[in-house]
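Biologist: Could we go through this structure together, one part at a time?
Modeller: Certainly; here it is.
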Amino acid sequence: MTDRPSTPLLDRIHSPADLKSLSDEQLEQLADELRAETISAVSVTGGHLGAGLGVIELTVALHAIFDAPRDRIVWDVSHQTYPHKILTGRRDRIRTLRQKDGLSGFTKRSESPYDPFGAAHSSTSISAALGFAVARDLGGAGIETPACGIGDCIAVIGDGAMSAGMAYEAMNNAGHLGKRLIVILNDNEMSIAPPVGAMSAYLSRLYAGAPFQELKAAAKGAVSLLPPPFREGAKRAKDILKHLAVGGTLFEELGFSYVGPIDGHDMESLLAVLRTVKARAHGPILIHAITKKGKGFAPAESAADRGHGVGKFDVVTGEQKKAASNAPSYTSVFAKSLIAAAERDPRICAVTAAMPDGTGLNRFMERFASRCFDVGIAEQHAVTFAAGLAAGGMRPFCAIYSTFLQRGYDQVVHDVALQRLPVRFAIDRAGLVGADGATHAGAYDIAYLSNLPGFTVMAAADEAELVRMVATAAAHDDGPIAFRFPRGEGVGVEMPERPEPLEIGRGRVVREGRGVALLSFGTRLKEAVEAAEALEARGLSPTVADARFAKPLDRELILRLAREHEALITLEEGAVGGFGSHVAQLLAEEGVFDTGLKFRSMCLPDIFIDQASPADMYAVAGLNAGDIERKVLEVMGAKVLERRA
Ligand SMILES: Cc1ncc(C[n+]2csc(CCOP(=O)(O)OP(=O)(O)O)c2C)c(N)n1
Ligand SMILES: CC(=O)[C@@H](O)[C@H](O)COP(=O)(O)O
Ligand SMILES: [Mg+2]
């Protein structure tokens with residue numbers, strides 16, 4: 001007895017080469033089995049379900065027609081690649097997805113030669129595929145697979161990812177270079193939330209209602225693309241292409257041949273069009289495939305997010321297994337606090353870059369639709385748009401995950417900081433996030449914001465602190481201000497009734513002790529307190545303080561801790577170069593080291609940490625309570641404790 005689906009054909013597939021001998025009908029059957037296997041695997045791992053289900057037929061067709069790894073298939077975001085992983089020799093590990101030591105939830109060059117380019121942040125695929133195409137034409141053979149060289153270069157990009165400027169930068173360049181390059185626009189009319197923006201409306205118009213171009217002309221153009229009959233389906237290809245629009249679109253204006261729209265779930269259409277394109281394409285070509293996110297799994301198809309990101313679930317009912325929560329999530333605390341602040345202040349508005357649910361701004365949107373802006377996947381624009389709002393007299397909160405804010409860094413520097421504009425950055429997913437792994441680690445914002453003149457940088461130690469920081473940011477008009485908080489639920493502390501803004505640049509001592517001081521910035525505070533309590537048993541009683549601010553630093557507090565203790569240890573959920581470095585700089589400048597203070601900075605190590613539970617990732621980073629305890633003992637010269645299990 002097994003709860004795995006029956007997959008006789010898929011069981012024979014060990015690499016894409018095995019698809020080459022299958023008939024078109026068998027490829028259709030393979031797609032059905034691949035869908036069942038994908039659903040089964042994600043039901044035990046959780047993860048990105050809907051996007052993969054939407055590209056099952058496309059994945060099979062691509063691997064049947066093209067020759068990966070020689071042909072480079074570059075998946076945008078790559079959260080839709082679980083079916084691709086199954087077909088490319090990773091089926092035996094597919095139930096380890098997104099877990100410690102398991103398969104990554106995204107494409108990863110070190111994981112497989114079939115993943116020619118890693119991704120997880122969106123809208124990079126056309127640039128990367130174009131890079132491969134140019135390398136090919138310059139005689140490059142690829143790093144991992146030099147023996148097979150580089151064949152066709154194919155970018156598969158979603159309609160949501162098409163909202164980012166980078167995709168247009170790439171098409172602009174590709175149209176100019178004129179290299180053979182295949183872009184498949186996987187249009188499921190969904191980002192994580194329903195897509196927004198004029199471009200999304202334009203894509204819908206390409207296949208909604210009346211044909212946008214005279215059919216006769218389209219058919220003529222299409223027929224000229226047809227190959228001589230080969231293998232199966234040439235006649236069918238002709239029939240299909242007769243009904244397609246070719247030319248006349250924005251893409252055509254950018255120098256691409258446009259083929260579409262085609263039904264991305266109709267294997268016959270896909271095979272026919274891909275065969276034709278493979279045989280005849282010259283220059284850049286864009287194939288517009290219409291798909292359904294969550295296709296073939298009713299609970300996903302009917303979910304508001306089309307099953308974008310799911311927990312483990314029951315394959316029959318679709319019911320997700322949710323862990324009981326003991327405290328509200330940081331995201332919901334942020335959203336609630338911002339709504340409360342906006343009730344009082346009509347200047348408060350909010351900006352998200354395609355993450356209304358993830359940032360909690362969907363709730364703000366329900367309450368203040370005219371003051372909330374989902375700009376699509378467009379972090380650079382989001383930041384400068386917020387800068388404009390601030391310059392216009394509003395009080396904008398730009399809510400972006402730490403990892404995605406990286407994309408808007410020049411805008412943060414040039415448009416916000418340099419002009420000292422009071423944009424409030426609500427930085428969610430700060431620190432290590434778990435299953436999404438290294439691509440989504442919120443590791444760098446402390447460093448890349450704290451070095452900017454005039455920036456105020458805060459980190460919440462718990463959910464009550466987050467409430468205070470929202471109030472602080474709302475009241476702060478003197479330049480840009482950021483506050484960071486992690487993924488997941490809070491600590492379960494009591495919440496302030498009427499949050500008062502914090503005094504800028506003032507930390508707090510949460511536990512008075514002696515000998516050694518632990519100065520935490522962010523939610524490692526809980527670990528620091530735990531470590532301090534454990535150290536009591538060893539005769540040590542560390543002082544524990546919450547810095548609250550990485551910029552401006554609480555000089556008074558830090559210098560007092562340095563003066564009154566033999567050792568000072570800083571803690572943060574960020575990369576080297578952040579809070580600890582700024583504290584070290586202050587201590588050095590003040591000559592504190594000259595008088596013999598023992599100083600250590602505990603931050604993320606200089607490595608990319610693979611996916612695992614956040615606790616396991618912090619164990620790799622050496623930032624859990626036991627690690628802090630050991631560090632204290634090491635610094636204070638006491639016996640190092642046995643490593644905790
Ligand atoms: C730069 C960046 N911003 C935000 C995200 C978060 N994100 C992941 S998938 C996604 C939606 C992508 O939509 P689409 O490209 O249409 O793919 P689909 O899931 O519909 O297949 C978003 C916003 C991201 N991965 N990268
Ligand atoms: C692929 C992607 O970037 C998002 O879907 C991300 O996985 C969301 O993560 P959260 O669950 O933390 O919102
Ligand atoms: Mg989409």
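Modeller: Before we begin, a residue is near a molecule if its C-beta atom, placed from the backbone, lies within 6 Å of it. Please also keep in mind that this is a predicted model.

Biologist: With that in mind, which residues come nearest to ligand 1?

Modeller: Ala 51, Ser 122, Gly 158, Gly 160 and Ala 161 come nearest, out of 25 residues around ligand 1.

Biologist: How do the residues of that shell divide by class?
Modeller: The shell around ligand 1 has 11 nonpolar, 10 polar and 4 charged residues.

Biologist: Which domains does the shell around ligand 1 draw on?
Modeller: Domain 1 (10-302) and domain 2 (330-484) each give at least three residues to the shell around ligand 1.

Biologist: And what surrounds ligand 2?
Modeller: The residues around ligand 2 are Val 77, His 79, Ala 120, Ile 192, Gly 309, Gly 358, Arg 429, Val 433, Asp 436 and Arg 487. By class, 4 are nonpolar, 3 polar and 3 charged. The shell around ligand 2 takes at least three residues from each of domain 1 (10-302) and domain 2 (330-484).

Biologist: Let us turn to the domains. What does the domain assignment give?
Modeller: The assignment gives domain 1 (10-302), domain 2 (330-484) and domain 3 (508-635).

Biologist: How far apart do the C-alpha centres of domain 2 and domain 3 lie?
Modeller: Those centres lie 26 Å apart. The contact between the two domains takes 25 residues from domain 2 and 29 residues from domain 3.

Biologist: Which elements supply the domain 2 side?
Modeller: Helix H19 (445-450) and strand E11 (456-459) each supply at least two residues of the side that touches domain 3. By class, that side of domain 2 has 16 nonpolar, 5 polar and 4 charged residues.

Biologist: Next, the sheet. In what order do its strands run?
Modeller: The order is E13-E15-E14-E17-E18, an open sheet of 5 strands with mixed pairing.

Biologist: Why is one side of E13 and of E18 left without a neighbour?
Modeller: Strand E13 (508-511) and strand E18 (598-604) stand at the edges and have a single partner strand each, so one side of each has no neighbour in the sheet. From one strand to the next, the twist averages 25 degrees.

Biologist: In what sense do E14 and E17 pair?
Modeller: Strand E14 (residues 516-521) and strand E17 (residues 567-575) pair in the parallel sense, over 6 bridges. Ala 517 stands opposite Leu 568 in E17.

Biologist: Lastly, how many residues of helix H3 are buried?
Modeller: In helix H3 (residues 56-65), 10 of its 10 residues are buried. Among them are Glu 57 and His 63.

Technical notes
Residues numbered from 1 in each chain as written. Chains lettered and ligands numbered in written order. Predicted model: local features only at pLDDT ≥ 70, side-chain atom pairs only at ≥ 80, totals over all residues. Pairing = 2+ DSSP bridges. Helix = DSSP H or I, 4+ residues; strand = E, 2+ residues; numbered from the N terminus. Axes fitted to C-alpha atoms, helices over the stretch in contact; angles between N-to-C directions. Domains from an automatic or database assignment. Contact = placed C-beta atoms within 7 Å. Nonpolar A, V, L, I, M, F, W, Y, C, P; charged D, E, K, R; others polar. Buried ≥ 20, exposed ≤ 12 C-beta atoms within 10 Å, placed from the backbone.
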